[in-house]
Amino acid sequence: DLSSSTFSPDGRIFQVEYASKAVENAGTALGLKCRDGVVLCVEKPLLNKMLLSNSSRRIHTVDSYSGVAVTGFVSDGRQIVNRAREEA
């Protein structure tokens, strides 16, 4: 079911179904432009009491003038951030 042309028995495309589920499970990210700069906010559910409440794996610094807020799969976001760092 890795091909984009693989259909389910109901006639739906599996990759579209997977993408819809990923969007449903993604959190919220918000960017606000202020007079003094930009504020990036992400939704962070605390799933485990052992996780640090002040740590974030969804907001990343690309370079000294840019950053990225990630929703969806953290591993996909890391790949995009790494590519942005290479380009910067």
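**Exercise 1. Work out which residues His60 is in contact with, leaving aside its neighbours within four places in sequence.**

Solution. Contact here means heavy atoms within 4.5 Å. With that cut-off, His60 is in contact with Gly67, Val68, Val70, Val81 and Arg85. Before going on, keep in mind that this is a predicted model, where local features need pLDDT of at least 70, side-chain atom pairs count only at pLDDT 80 or more, and totals for chains, interfaces and linings use all residues. Residues are numbered from 1 along each chain as its sequence is written, and side-chain values use heavy atoms, with hydrogens and water left out.

Next, place the residue: His60 lies in strand S3. Strands (E, at least two residues) and helices (H or I, at least four) are DSSP runs, numbered from the N terminus. Finally, check the cover. His60 has a relative accessible area of 16%, so it falls in the buried class (under 20%; exposed is over 50%, partly exposed is in between, with a 1.4 Å probe and protein chains only).

**Exercise 2. Describe how S3 and S4 pair.**

Solution. Start with the ranges: S3 covers residues 59-63 and S4 covers residues 66-69. The two pair in the antiparallel sense over four bridges; for pairing, DSSP has to find at least two bridges between the strands. Then look at the link, a hairpin that joins S3 to S4 through two residues. Within this pair, His60 stands opposite Val68 in S4.

Now zoom out. The chain has two helices and four strands, and from the N terminus on its elements run α-β-β-β-β-α. Buried residues make up 9% of the 88 residues.

**Exercise 3. Place Arg58 and list what it touches.**

Solution. Arg58 sits in the loop between strand S2 (38-42) and S3. Its relative accessible area is 22%, so Arg58 is partly exposed. Not counting residues up to four places away in sequence, Arg58 touches Val42, Glu43, Val68, Ala69, Val70, Thr71, Gly72 and Val74. As a last step, take the C-alpha distance to Gly77: 7.8 Å in space, for residues 19 apart in sequence.

**Exercise 4. Find the disulfides, then look at Cys34 and Cys41.**

Solution. The criterion is a pair of cysteine sulfur atoms within 2.5 Å. Searching the whole structure with it gives zero disulfides. Cys34 is in none, and its nearest cysteine sulfur, that of Cys41, is 9.1 Å away. Going the other way, Cys41 is in no disulfide either, with the sulfur of Cys34 nearest at 9.1 Å. As for cover, Cys34 is partly exposed at 38% relative accessible area, and Cys41 is partly exposed at 33%.

**Exercise 5. Pick out the nonpolar patch that includes Leu32.**

Solution. A patch takes residues with over 30% relative accessible area and no salt bridge, joining nonpolar side chains (Val, Leu, Ile, Met, Phe, Trp, Tyr) within 5 Å and like charges within 9 Å. A salt bridge is a side-chain nitrogen of Lys or Arg within 4 Å of a carboxyl oxygen of Asp or Glu. The patch consists of Leu30, Leu32 and Val39, with about 240 Å² of accessible area together (Shrake-Rupley method, 1.4 Å probe; for residues, only the protein chains shown count as cover). Leu32 belongs to strand S1 (residues 29-33), and at 42% relative accessibility it counts as partly exposed.
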